[in-house]
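Trainee: I have this one open on my screen and don't know where to start. Can you walk me through it?

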Amino acid sequence: LPGVRIRAFDISQSEVTVEQYRRCVDAGRCGVPKTKVRRDYCNYEKDGRERHPINCIDYAQAKDFAAFAQARLPTESEWEYAAKSAGQKRKYPWGDEEATCARASLYHEGYGCGADSTFPVCSLPTGNTDHGLCDMAGNVWEWVQDKYKNTHAGTPLDGTAYTRGHYGVMRGGSFSSMRAYHLRADRRSIVPPDERRCFLGFRVARDAPAK
């Protein structure tokens, strides 16, 4: 984001998977994903979805997992910096070429490029960032730490999260996104913090170790 100085941080290569989230549930640290909307697209209780991104979880559940993993949610500035391969001027994680099913899981002839589901994480390496981060466009939208505001005015210049307000922010587009611009690295959307939808998951981050 303009004028923001990003401190060194680590971010997970992929979105958190069902099998990773299940360990947190089994440990009694995370709640079971559930939703009353499009439950048939929730991955948690589906056979063969262990490597798919966890979805149908709200902001608090994402934070609970991050704490379990000794991590945190990325800030919005960190997320965009990572999605643009260390802040390069590009439309998508891979560059400026439009989003297609060769690079991202989006809506094309049905959800997930006709698969009618999310993809296993890291299934489309041609859509990766320069640093090998997977699915920063498509598959599932991703929770970030920040609260939503209409513009970037007031964004903390040190790359930390903006915490005033109620609504959350999701980034990256999903397997249900019908328009390619929803997958752009600078695209952001408002979401209630208690939202549990099939199109919404997350990845985790942490501060880089001091040298």
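Trainee: What covers the buried residues of H3?

Mentor: The cover includes strands S1 (9-11), S2, S3 (168-171), S4 (188-191) and S6 (205-207). Keep in mind that this is a predicted model.

Trainee: And how many residues of H3 are buried?

Mentor: Seven of the eight. That is why H3 counts as largely enclosed by the rest of the structure. The buried ones are Glu76, Ser77, Glu78, Trp79, Glu80, Ala82 and Ala83.

Trainee: What follows H3?

Mentor: Ser85, with a positive phi near 50°. Ser85 sits in the loop that runs between H3 (76-83) and S2 (141-147).

Trainee: Why would anyone remark on a positive phi?

Mentor: Because most residues other than glycine have a negative phi. Ser85 is not a glycine, yet its phi is positive.

Trainee: Is Ser85 buried or exposed?

Mentor: Buried. Its relative accessibility is 2%, and the cut-off for buried is under 20%.

Trainee: Which other residue in the loop between H3 and S2 should I look at?

Mentor: Try Glu109, which is in that loop. Glu109 has a positive phi too, near 60°.

Trainee: Buried or exposed, this Glu109?

Mentor: Exposed. The relative accessible area of Glu109 is 70%, and exposed means over 50%.

Trainee: Back to the strands. How do S2 and S3 pair?

Mentor: In the antiparallel sense, over three bridges. One bridge to look up joins Glu142 to Arg171 in S3.

Trainee: And how do S3 and S4 pair?

Mentor: Antiparallel again, with four bridges. Gly168 is opposite Val191 of S4 there.

Trainee: Which way do the residues of S3 point?

Mentor: Gly168 and Met170 point one way, while Val169 and Arg171 point the other way. All of them are buried.

Trainee: New topic. Which residues of H1 are buried?

Mentor: In H1 (residues 18-26), they are Val18, Tyr21, Cys24 and Val25. These cover an arc of only 120° around the axis, so they are on the same side of H1.

Trainee: What covers them?

Mentor: Helix H2 (59-68) is included in the cover over the buried residues of H1.

Trainee: What comes after H1?

Mentor: Gly28 follows H1, and its phi is positive, near 75°. Remember that the general remark about negative phi was for residues other than glycine.

Trainee: Last thing, holes. How many cavities of 30 Å³ or more are there?

Mentor: A search of the whole structure turns up one. The space in the largest cavity is about 50 Å³.

Trainee: Which elements give two or more residues to its lining?

Mentor: H3 and S2. The lining of the largest cavity has 10 residues, and those nearest its centre are Glu76, Asp146, Lys149, Thr155 and Tyr162.

Trainee: Glu76 came up before, didn't it?

Mentor: Yes, Glu76 was listed among the buried residues of H3. Now Glu76 turns up in the cavity lining as well.

Trainee: What classes of residue make up that lining?

Mentor: Five charged, three polar and two nonpolar residues line the largest cavity.

How values were computed:
Residues numbered from 1 in each chain as written. Predicted model: local features only at pLDDT ≥ 70, side-chain atom pairs only at ≥ 80, totals over all residues. Heavy atoms only, no water. Buried < 20%, exposed > 50% of the residue type's maximum accessible area, 1.4 Å probe, protein only. Contact = heavy atoms within 4.5 Å. Pairing = 2+ DSSP bridges. Arc of directions from axis to C-beta. 1 Å grid on protein atoms, 1.4 Å probe; cavity = no way out; pocket = protein on both sides within 12 Å on 5 of 7 lines; lining within 4 Å. Points joined across faces, edges and corners; volume = space filled by probe spheres on them. Nonpolar A, V, L, I, M, F, W, Y, C, P; charged D, E, K, R; others polar.
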